[in-house]
Amino acid sequence: MDKLIPIGILLGVAIIGFISKFLELGDIRSRYEFTVEYRNKFINFLNELFQKRSFNQQLYYELTGKVKEMQYELGADGVYAYVQDNLKGYATNNYELLVNFLPETRNAIRNQGNIILMERWNQAVQDCDDMFLRHLGTLKLAEEKIKRSLKNPFSDFAEGVKLIISLPVLLLKWFGFISAESSTKIKKNPILKIINFFVTTVSFVSGIMAIVMGWNAFWALIKSFIK
């Protein structure tokens, strides 16, 4: 019984981490499906626009209604670090390709006789499709990484500790005090990652010591150390 307590704690945290990974796996699959569905609609819209010279208003409204959500989902895969447009006379950092390109399609039919603009649009279309494919690859890579780590007990334990430490941030997000974007930024903070690593290592080593020594002896050692 003396050794069952630390074993139970280690297993409990590892199970929490396993469940967290399983839920994250489902979230990644849902994001993958969303990206595929949006890309298919985007391609259909552009095919009608450039091949049939028909502006599908309904598809445009659907794409525009979710463009911010899609741009946020794409993350770094959908942002250019730096863009310089000599034709429009501007240069900018962190250029969001999809959000900026989609509204320009309103003028595509009217300007299809302009060779320069058409060349720019064709390049932008290719860049957008590359962006979607790149992000789908990113999601697939993340899915495979989680699948491989599911059977790793230490990884599950580390994920459980990470979830416990991030619980205050998750509660703030669930109750609407901070946005999902802010929550993600906080959880990716380098300082928080260092804290996670430190707490995970100390907790795991302490758990092993408690199993070897027995819970009562280990607890007596902790109290003597505190004193």
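Reader: Which residues line the largest cavity?

Author: Good place to start! Keep in mind that this is a predicted model. A cavity is a space where a probe fits but cannot get out. Here, the lining of the largest cavity consists of Phe34, Glu37, Tyr38, Lys41, Glu62, Leu63 and Lys66.

Reader: What volume does the largest cavity have?

Author: About 60 Å³. Searching the whole structure for cavities of 30 Å³ or more turns up one.

Reader: Which helix gives the most to the lining of the largest cavity?

Author: That is helix 1, with four residues. Helix 1 and helix 2 each supply at least two residues of this lining. Sorted by class, the lining has three nonpolar and four charged residues, and no polar ones.

Reader: Now the two helices themselves. At what angle do helix 1 and helix 2 pack?

Author: For a pair of helices, the angle is taken between their N-to-C directions. Helix 1 and helix 2, which covers residues 57–65, pack at about 140 degrees, and their axes are 10 Å apart. The crossing of helix 1 past helix 2 is left-handed.

Reader: Which residues of helix 1 and helix 2 meet?

Author: From helix 1 come Tyr38, Lys41, Phe42, Asn44, Phe45 and Glu48, and on the helix 2 side they meet Leu59, Tyr60, Glu62 and Leu63. By class, this contact has six nonpolar residues, one polar and three charged.

Reader: I see aromatic rings too. How many aromatic pairs does the structure hold?

Author: Eight. One of them joins Phe34 and Tyr38: the ring centres are 6.4 Å apart and the planes meet at 55 degrees, so this pair is tilted. To read that label, recall that planes under 30 degrees apart count as stacked and those over 60 as edge-to-face. Both Phe34 and Tyr38 belong to helix 1, where they sit four residues apart, about one turn of the helix.

Reader: Let us finish with pockets. Which residues are closest to the centre of the largest pocket?

Author: Unlike a cavity, a pocket is an open set of points. The largest pocket has a volume of about 2,100 Å³. Of its 47 lining residues, Glu24, Asp27, Arg31, Thr184 and Lys188 are the closest to the centre.

Reader: Which elements supply at least two residues of that lining?

Author: Among them are helix 1 (4–50), strand 2 (90–96), helix 5 (115–149) and helix 8 (190–213). The lining of the largest pocket divides into 16 nonpolar, 13 polar and 18 charged residues.

How values were computed:
Residues are numbered from 1 along each chain as its sequence is written. This is a predicted model: local features need pLDDT of at least 70, side-chain atom pairs count only at pLDDT 80 or more; totals for chains, interfaces and linings use all residues. Side-chain values use heavy atoms; hydrogens and water are left out. On a 1 Å grid over the protein atoms alone, a cavity is a set of points where a 1.4 Å probe fits but cannot get out, and a pocket is an open set with protein on both sides within 12 Å along at least five of seven lines; lining residues have an atom within 4 Å of a point. Grid points are joined across faces, edges and corners, and a volume is the space filled by probe spheres set on the points. Ala, Val, Leu, Ile, Met, Phe, Trp, Tyr, Cys and Pro count as nonpolar, Asp, Glu, Lys and Arg as charged, and the others, Gly among them, as polar. Axes are lines fitted to C-alpha atoms, for helices over the stretch in contact, and angles run from 0 to 180 degrees between N-to-C directions. A crossing is left-handed if the near helix is turned anticlockwise from the far one by less than a right angle, and right-handed if clockwise. Contact means heavy atoms within 4.5 Å. Rings of Phe, Tyr and Trp (its six-membered ring) pair if their centres lie within 6.5 Å; planes under 30 degrees apart count as stacked, over 60 as edge-to-face and the rest as tilted.
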